[in-house]
Structure formats: structure tokens, C-alpha cells
Amino acid sequence: MNQLVVVIEIAGRRAALRTAEVQSVVELEAICSVPGAPRFVLGLTALRSNTLTVIDAAAAIGLPPHGLPETGARAVIVDHSGHRYALVVDAIDDVAAALGDPAPVAGDAGFGWDRVSEGLIETDRGPALLISLGALLAGPPLVAA
Amino acid sequence: MDDLLAEFLAETREMLAAVGGELVAWEANPADRARLDAIFRFVHTVKGNCGFFDFPRLEALSHAAEDALAEVRAGRRSASPRLVTAVLAIVDRIGAMIDAIEAGEDLPTRGEDVLIAALEPDSADSADLLAESAGDASGARSTAPNGAQRSIRLPIGLLDSVMSSVSDLVLARNDLSRRMRDAGVDPAVHGPFERLSTILDQVREAVTRMRMQRIEHLFGALPRLVRDLSAELGKQVMIDLEGGDVELDREMIEMIRDPLTHIIRNAIDHGIEPPSQRLAAGKREIGTLHISARQSGNRIMLAIADDGRGIDGMRLVEKAVAAGAISRAEADGLDDTARQALIFEPGISTAAEVTSVSGRGVGMDVVRANIERVGGSIEVNSRPGEGTRIVLSLPLTLSIIPSLTVGAGEQLFAMPRSYVEEIVHGSASHIEFARAGDATLVTVRGKRVACLSLSEQLGFADHLRPEDSTLVLIRLASGDLFALAVDRIFDHEELVIKPLAPAVMATGLYAGSTLLDDGNPVLMLDIAGIARKAQLIGDVQKRARASEEVAEEQVRGTPALLFMGLDGGRKVVRLGAIRRIERVSAAGVDLASDPPRVVIGDSLFPLAGVSDAAALGEQVSVLRLGDGDSEIAYAIDRILDTVELTGEVAAARRTGEAEGTTLVDGLPTEVLDTHWLFACFAAPPRALDPPVCRLPSGDQWAHTILAPLVEAAGYRVVDDSFEGVADVAIATEGGEASPAGGTVITLCSDPERAGQVPGSLYRYDRAGFSAALAALRSGRAA
């Protein structure tokens, strides 16, 4: 597999999203919270007259939440089944070339990561877990929430 | 019907264009089967459509061509060049006729028999004639004016994508406008931006209209449905449709098609009795199904009424108890309305036996669910033995929702205005709170209902005491009433609602989101979802309790609309008289005519309520008042509120526009006298069989100057070529008295002479002439 990925950092781990799934990286404006929504949904925000659902990527995996980002923090904009989301992550590194197909992680990837990851890929910025967007946006199983 | 006709014309024209190429190819190679089939399909479709409309000549033509082509297709005849020419001539003639129909002209000169004869296998000698009449046809086509409005057909997907782009444009415009405000842009930019903004609003309105369709499209299929169903069930049912010109979002029409069909099925299958039973019950043998559509504010009320046996409330209760939906004790506590509402519970039907018509396993519960899904509500009202009336209340459109923005905690939320029954402040003197365990109940106007705090439902930590908040009284689609306590009410807005991500929808608290003008996202509350979470609905027992009245209802007044007249006075008019409220351009108002008139849509209405053109401005709101037969328009400045008329009306001393004055909210308010308005402004309905007045054929004066007066008096004007007996004949002095019939009025040009000859009048004695006509007319009626 010779494709490009966006290397990001979630809860201190290196992860990757396929560039094909990433719309852009933007600075977030004010976030309007959604009372009653699951913890990983931080709220809604407006971007170029679209409404985005802001997702706390760490919380969506089932890890300790990142929490509300400051205004102006950068987020990854992704599209998934007709809706547009802003992913709040620890850091957005760079675009890198994936060197090979995702391989199963040797050993246990750790709590939550198994569910959202398609496997380990090697990039020129080091190994990263390839994120499956659908699984991530579904959020942690209800028992864990 | 006009819409259907336009569609037929557009479709035929489209096919004509497509078939043009096929014709040429067929002419080059008459043996080409594919071409032949295409042309055959064309004439076949035209024939089918003509039968639907009443175009016998068009039908005869296409039928003949179809027959001839069918012979060729069956291999009984070969496609000779002569046949090709004959078919071509017919296709040309169809085109010419379509042009003429569209322009509203008479169909072009006859000669179809020649065209048809040319199709006959042995009509070798008609070739010359054919060439001649074909020339005719093309001549007629080229002279056909293009004045009539043409329509084209568009794929629905394209329309939807335009609509959604326009919605996005509006949002982007709002965003830009906010940024311009924040950044303090060069004033030179503002002018063009304002213009852009105005144009965008116009485009949005036009696109919204594009999506609107007359409800006729839905009604069109009903007579056939009713005919088939009643034939199948051995019943006689007459369908009566009203309000086909009401417009509804196209998508909405699709959404209610199935529920409406189902309700009609039920009405015919279970409601209307077989003829013998009807006769035994002293009813007419033929049952009637009355379906009417009416616009009321931004909702469409669709009523389906039958005069059948009605809903047997007791049997419903029995079934519900048997099905375990309610307990015996609960059943005993239900009133009539609640009993009939059981028809919407799953698995309950009064049908004694399942028939092939309505016993398809889809009950009224599904109907209700479908109607509620589009933001509508359904009510049933039935009198045993007399009939059932089901009323659907539907929003005009799905994508733009009139909303109320409210505050809870620190945040703003929107809720659909259609749910809101009333807004009262918690500290108002006429409401009382009661605590029952953890629940809060509130008594408003003698009704005790549950009171939910929005902050609490949304899980905010601290919330205001209900006494300090504003209560929004909400009527759910099921008719349940409850109060939602919010911290503040902000505004009424029309919001473009977008769907939410699944993770947010899963909360069950929100229906969508939108961006406000300030660019901030706002959540649209799912009121039904909130009520469901708070366990206020879905339970018959609770429902009965919620609507339980704790005190005898106050004397209810007549609902009425409070508005500001153009003369600056506060006025009310009873709500029942109002058919619609419209905004019209002041350019469409003609004050010079008597009565003044206004153009609404494509009709002229008498206009009351305006005396001074200066008061109109560019646009004016008008109330369309209806008395069942005729409609008049009443111009107003603005709507203030809907109120209930409870107090006495102090009658006015003189009859006029106001029947009197009453107190509304402590202020004197004029009550419109609708009787007087209709008496003065509405045109008397035309008699179906007007008396006939004969005018001398050759008399120019009689036909141009006198005829309008005669017609205004309710007569039909004919001339000497009229064969029957005229009720009255007009003779002019010196002219010959008409030979046949009735009374003769002789008109003299000399006033002196008119006095001398009995039965004659001076020809400009308008009053005398009108009186004579009126007297004759009433004499005839007697």
C-alpha cells in the first residue's frame, strides 16, 4: 500500500488517518455544547456555514478524554457518511507516505485501540496505528461510556 | 387540471422533439423496426393522454395512426413510403394541435378525416389532398403564438440539489454578513452586498415555490381509488374534493400519499355502510367522502370526512382491553375522545373482519407515526351513526421550520413553533404550581398539566424555579399538553434545519441543527423525544390523566384574529371566516375600481379595508375571507395576535364595516362585520342557469354599450341567431321587435318618447333599465 496518511497524536500515541478521508485541518472557533450527548461529543461548531460535530478522539476510543480545546486549537476535519466532523487530537504532525499495508499489531494494542484501529502501518515518521473512521466515530461501547 | 394539462403538453412536446429524429430515420428506412416502435409508442401515449383530457379530435388522429402502425408491427402490412408520409402528416398535425391547445385557441381547421383516410391501404388517390392539408398544418404551427406559459419537466433530484445549494448560500451569506460586521468592511462593499442579499432572498423564495405543488396532484388519483374500492366492496361512494389549489411542498405530498390512501380505504371499508344499511338508517344510498385542504397560517389542514357509521368507541375499548393495551379500570376512565383516539394504538381496529382492502396489517398507528414523522398531527372526531372526520395538520415544508428560540442554562435552543400552544410567564397570576413527589404540575386555564424544566431535562446543574421561568405550553401531536419551563424566550425565526450526526441524534433530545445569523450553531429540540424521555407520552393512562380537567372549563370564546388595520385601528375578525393570509404586492391593488380589487395568485378578489393608496407601501398583507361560496380580501397593516372573543360586543349605531366594539386585552377593538363585508363586496355567485336576454344582432350600440349592463344584471346575452326562447328581448327604437319570446323592452334614444310608449325606456335610463331586468328576473324565479 503506497498511500498518504496524516500522522496525528491521540493520548500520547502516534496514529494515522488516510488523507483521502481528511478534508482539511482548521483552527476551531467557539464550540456549542450538546447537553445529553455522549462524552466524546464535545459539541457543534460552525465552519464555512456548515455545522460540524466536534469529537474528542481520545474519548471516542475509550481513553481519558482530551477535554474542550481552546479556541483556535487545530482539529482534523473529516467526512463520514454524509456528516462532517472535527476531530480534536493532541497534535497534528504531518502528511506522510505509508510504507506497506496495515499489519496486525504484535501483542495487544491496548484498551480501545483494538476497536478503532485497522492495524499498524510503517510511515516515514515512524510506526502509527491506522484509524478506522467509522469505528472511531461510533464512540466507545455503551458499557464503557 | 391546468397543471395536468401543462404537464401533458410538456410531455407531448418533449416526445415530439424526440420523435422528430426517429421520423426522418424511419422515412429513410421504413423497414427499421426500432424506429417504428418509437413512433408507435408516441402515438400510443398521445392517444392514452387525450382520452384522459377531452380532445376527441386529437384522440381520433392518434388512434388512427396507432392502428395503422400496429398493422405494420404485426406484419400484416408493409411500411410503404405513402404510409410513412401519412403518419408524418399526422404527427405534424398533432404538433400543430398541441400548439393551439397551449395557446388556448381553437384547434386548427379540420381535415383530419383526410389525414386519417390517407392511412387506409387503398387510399392511393388522397395523396394530393394530403400534401395540401400537411401544408395547412405547418402553417398553423408557425403562426401559433408563444404567449402561453410553457412548462418543462425536471428531474426531482436536480430540484432538490438546487434547493439545498440555495439553503447553503443563505447560510454562507449570513456568515459573510457577520464577518463584515465584525471586521468593519469598507462601506462601498455594503451596497453590492445588500443587493446580493436581496437577490438571494428572491431566489430562495422562487426555489421554495418550485418545490410547491398544488395538492390537486394528490387529489387527482383519489376519484379513481374511491371508485375502485367502492366497486370492490359493493358500496356506493361519492367523493367530494375541495381546496385543490392549496400548495404544499412536493416532498410533503409524497409523504402523505400513503397515509391519506389508507385513511380513505378505512373510511370506505369500515366507515361507509352498504347501501341497504344506509337506507335502513335513513341515509342516502350513496355515501359521501368529503376531502378538503385548507391553508391555515403555515400549516395545511387536510380533513377527510365520511358520513358512515362512525367509530364505535366502546368496541375499540373492548378490543384495547382484550389486546392488553389498557386495563379495564383505565378503560372506564376514558371519555369519548380518548376512546376514539384508541384507534391510533397499535394492533387495534374496529373491523369485525379483515378484508382484502384495509386488512393489510397496516393500522392507523402507522398512519399516525408517518404523519408525525413529517411534523404533522392527526385528530379523529366521530359521531356514531353520523360519520367520522379525520383532520391532518401538516407543516408547509420540511426543510424550513418556523421556530422559537429559547434559552436554558447558558445556551440557546430552537423548537418548532408548531408545537407551541401558548407562552406564559411562571409568575403570572392565573397559573398555579403543585408538587407531586418529584414531579411539578402546573394549572393553566383550569387544566393541570405536567411541567418539565428544559434545563433539568438537558442535565444542566442549576435551574430556575418554575415560578421564575417562562412556560411554553406544548401540545404534542397526540393532543397531550405539557408545559416546558425555559429560562428565556428569545425570538421567532425561520430556520433551515440540517440533520445531526448519529452520535448526537442518539440522545433523542434533538431533531437537527442550524446556524443562526450570528454564525453560531443552534440545536433544534425534539419536543416529542423530550416528552417521551420524561415518560409523558406513549401511555394511555398518563394521557388520560394529563388531559384531566380539574375545573369546569371557562366559557370559551370564539377564536379571533387581532390585527392592526391600515387606518391604524385595532380590529378583530373571527378566525372561522379567514381562509388564508397573504402578502401581495401593492402594484396588484386597484383602488380605482368599485369595489377595489386585488390580484392574488392569478385571480381577482374584491378588496376591503383600504381607502388610501398611500397606506399600502410596497407590499400589503391581506386576509382572505370566505363565506363558503365567494372570497374577499381585506387589507391589514399587521397581525397582532390570536385572541378569544369572550366579552360582549357593543353594537355599532350604524351598519358598516364594524359590527361593534369589544374589549380585547383591555383595549377597545373593532369587530369586523363579515356579513356586511360580504354583502357589500362579494360578487353574487353566478346562477347556473341564467336567464337569457336577446339583443338585436346588427345593433352595435346594444352589443358594446348595453350588453355589459345586461350581463351584470345576471343575464346571458344572445343575439338573433339564438334558437331558443329568450326570457327578455331588447328592441331599439326603429329596429324590428324580435319575433320570438318573452317580454320585450324597447329602448328609445329620445327621453320624451320613452314616457309615451308603454314598455319603453330611455336608453340611458340606467336605473329604470336595471330595475326592469331585475323585476323580470325575480318574476322568472318565482
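Reader: Is Cys693(B) buried or exposed?

Author: Burial is judged by relative accessible area, and a residue under 20% is called buried. In this predicted model, Cys693(B) has a relative accessible area of 0% and is therefore buried. Cys680(B), by contrast, has 41% relative accessibility, so it counts as partly exposed.

Reader: How many disulfides does the structure hold?

Author: The count is 0 over all chains. A disulfide would need two cysteine sulfur atoms within 2.5 Å.

Reader: How many salt bridges are there over all chains?

Author: The count comes to 21 over all chains. One of them pairs Glu29(A) with Arg179(B), whose closest N and O atoms are 3.5 Å apart. Glu29(A) belongs to the loop between strands E3 (22-27) and E4 (41-47) of chain A, whereas Arg179(B) belongs to helix H7 of chain B, so this pair joins two chains. Both partners are partly exposed: Glu29(A) at 37% relative accessibility, and Arg179(B) at 40%.

Reader: Where do Arg224(B) and Asp228(B) lie?

Author: An α-helix has 3.6 residues a turn, so residues three or four places apart point the same way. Arg224(B) and Asp228(B) are both in helix H10 (residues 222-233) of chain B, with a spacing of 4 residues, about one turn of the helix. They form a salt bridge in which the closest N and O atoms are 3.1 Å apart. Arg224(B), at 53% relative accessibility, counts as exposed, while Asp228(B), at 29%, counts as partly exposed.

Reader: Are Arg580(B) and Glu582(B) buried or exposed?

Author: Arg580(B) is buried, and Glu582(B) is buried as well. Their side chains meet in a salt bridge with an N to O distance of 3.5 Å. The two residues also take part in a network of salt bridges that links Arg579(B), Arg580(B), Glu582(B), Arg624(B) and Glu631(B).

Reader: How should one read the length of helix H11 of chain B, and what is expected at 1.5 Å a residue?

Author: The span from first to last C-alpha is compared with the expected value. Helix H11 of chain B runs over residues 250-271, 22 residues in total, and reaches 30 Å, close to the expected 32 Å. Within H11(B), a kink of about 35° is found at Ile256(B), shortly before the proline Pro259(B).

Reader: How many of the residues of H11(B) are buried?

Author: Of its 22 residues, 16 are buried, so H11(B) is largely enclosed by the rest of the structure.

Reader: Which residues make the nonpolar surface patch?

Author: Nonpolar side chains may also lie at the surface, as in this patch of about 460 Å². Its members are Ile152(B), Leu154(B), Leu158(B), Val162(B) and Met210(B). Leu154(B) is located in the loop between helix H6 (127-143) and helix H7 (156-183) of chain B. With 45% relative accessibility, Leu154(B) counts as partly exposed.

Reader: What is the phi of Ala11(A)?

Author: Most residues other than glycine have a negative phi. The phi of Ala11(A), however, is near 50°, a positive value in a residue other than glycine. Ala11(A) is situated in the loop between strand E1 (4-10) and strand E2 (13-18) of chain A. Its relative accessibility of 34% places Ala11(A) among the partly exposed residues.

Conventions
Residues are numbered from 1 along each chain as its sequence is written. Chains are lettered from A and ligands numbered from 1 in the order in which they are written. This is a predicted model: local features need pLDDT of at least 70, side-chain atom pairs count only at pLDDT 80 or more; totals for chains, interfaces and linings use all residues. Side-chain values use heavy atoms; hydrogens and water are left out. Buried means under 20% relative accessible area, exposed over 50%, partly exposed in between (1.4 Å probe, protein chains only). Patches are made of residues with over 30% relative accessible area and no salt bridge: like charges are joined within 9 Å, nonpolar side chains (Val, Leu, Ile, Met, Phe, Trp, Tyr) within 5 Å. Accessible areas come from the Shrake-Rupley method with a 1.4 Å probe; for residues, only the protein chains shown count as cover. A salt bridge is a side-chain nitrogen of Lys or Arg within 4 Å of a carboxyl oxygen of Asp or Glu. The expected span of a helix is 1.5 Å times one less than its number of residues. The bend at a residue is the angle between axes fitted to the seven residues ending there and the seven starting there.
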